[in-house]
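Colleague: Could you take me through this model, with the criteria behind each statement?

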Amino acid sequence: MNALLQVRGVTMRFGGLVAVDDAALDVAPGTITGLIGPNGAGKTTLFTVIAGFQTANAGSVAFAGEDVTALPAHTRALRGIARTFQIVQPFAGLSVRENIAVGAFLRHPRRGDALARATAVGEAVGLGPLLDRPAGALTVAGRKRLEMARALATEPRLLLLDEVLAGLNPSEIRDMLPVVRKIRDDGVTILMVEHVMQAVMSLCDTVHVIAQGRMIAHGTPAEIARDPKVVEAYLGHGAARRLAGGADA
Ligand SMILES: Nc1ncnc2c1ncn2[C@@H]1O[C@H](COP(=O)(O)OP(=O)(O)OP(=O)(O)O)[C@@H](O)[C@H]1O
Ligand SMILES: [Mg+2]
């Protein structure tokens, strides 16, 4: 199967810090693919490079069979790549509908069309009753839905979700899982950065693991959960053996 997204050899440096180091990953069309790793591993930086918000020092990004490495973010958005931001900053004074319309303007330059599109997307992510409220009045869970809706309103083929479950309580997370699945079922491929492991296990077909900028493993959620390299990346050197009950633990 041809991958919808192919990342090859991406390296991103900030001064002396190598935030992403020779990273490669594939995302198959129609899947929910996870990208996990400890804090500071380079997940958001890799998203930023995939979406074209920052230019990597090396490597390539191919989308739908075409090399998009040299394209700016808005051109990649037109091709069908959308991202959410880990730090959600809606226009607090605008309504929820108007905030979603910011995304919809990408393909619907007329205000009325963009607002109609925003209404449909808002309803699909469960914001229907809140569309006329100011975005500043939303709870954290509402803001996360708004952030997804703004990205979805660009009508992407690939949606990059950066920790959309962060800060939600267990029941809010439970409510969000079917929303994410529905987006995939409607034909949008998803690459998601997520620390909520229970959600990763239940949503993702494939998971890639990054640690200190390097991709260290990929596989099904079950394979990843029992991979000693992954356990060590999260819990420190020797942790896998200690958890397995090693004699010299
Ligand atoms: N614009 C920047 N300038 C300098 N350093 C940066 C910049 N963006 C990220 N970094 C650094 O790059 C590394 C990777 O950061 P990144 O935000 O990609 O990690 P992350 O995996 O998304 O972490 P988290 O799980 O905490 O969101 C970190 O050490 C971070 O401090
Ligand atoms: Mg991040």
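The questions below concern the ligand shell, the nonpolar core and a hairpin.

Modeller: This is a predicted model, in which local features need pLDDT of at least 70 and side-chain atom pairs count only at pLDDT 80 or more, while totals for chains, interfaces and linings use all residues. Residues are numbered from 1 along each chain as its sequence is written, and chains are lettered from A and ligands numbered from 1 in the order in which they are written.

Colleague: Which element gives the most residues to the shell around ligand 1?

Modeller: The residues around ligand 1, taken as those whose C-beta atom, placed from the backbone, lies within 6 Å of it, include Phe14, Gly42, Lys43 and Gln86. Two elements give two or more residues each, β2 (17–27) and α1 (43–51), where helices (H or I, at least four residues) and strands (E, at least two) are DSSP runs, numbered from the N terminus. With three residues, the one that gives the most is α1.

Colleague: Where does the largest nonpolar core lie relative to domain 1 and domain 2?

Modeller: A nonpolar core is a set of buried Ala, Val, Leu, Ile, Met, Phe, Trp, Tyr and Cys residues joined through C-beta atoms within 7 Å, buried meaning that 20 or more other C-beta atoms, placed from the backbone, lie within 10 Å of a residue's own. The largest has 67 residues, and Ile50 and Ile190 are among those touching the most other members. Because domain 1 (1–80 + 157–249) and domain 2 (88–155) both give residues to this core, with bounds from an automatic or database domain assignment, the core lies between them.

Colleague: Which residue is the bridge partner of His208 in β10?

Modeller: Strands β9 (residues 206–211) and β10 (residues 214–219) pair in the antiparallel sense over five bridges, pairing requiring that DSSP finds at least two bridges between strands. In β10, the partner of His208 is His218.

How values were computed:
A residue is buried if 20 or more other C-beta atoms lie within 10 Å of its own, exposed if 12 or fewer, and partly exposed in between; C-beta atoms are placed from the backbone.
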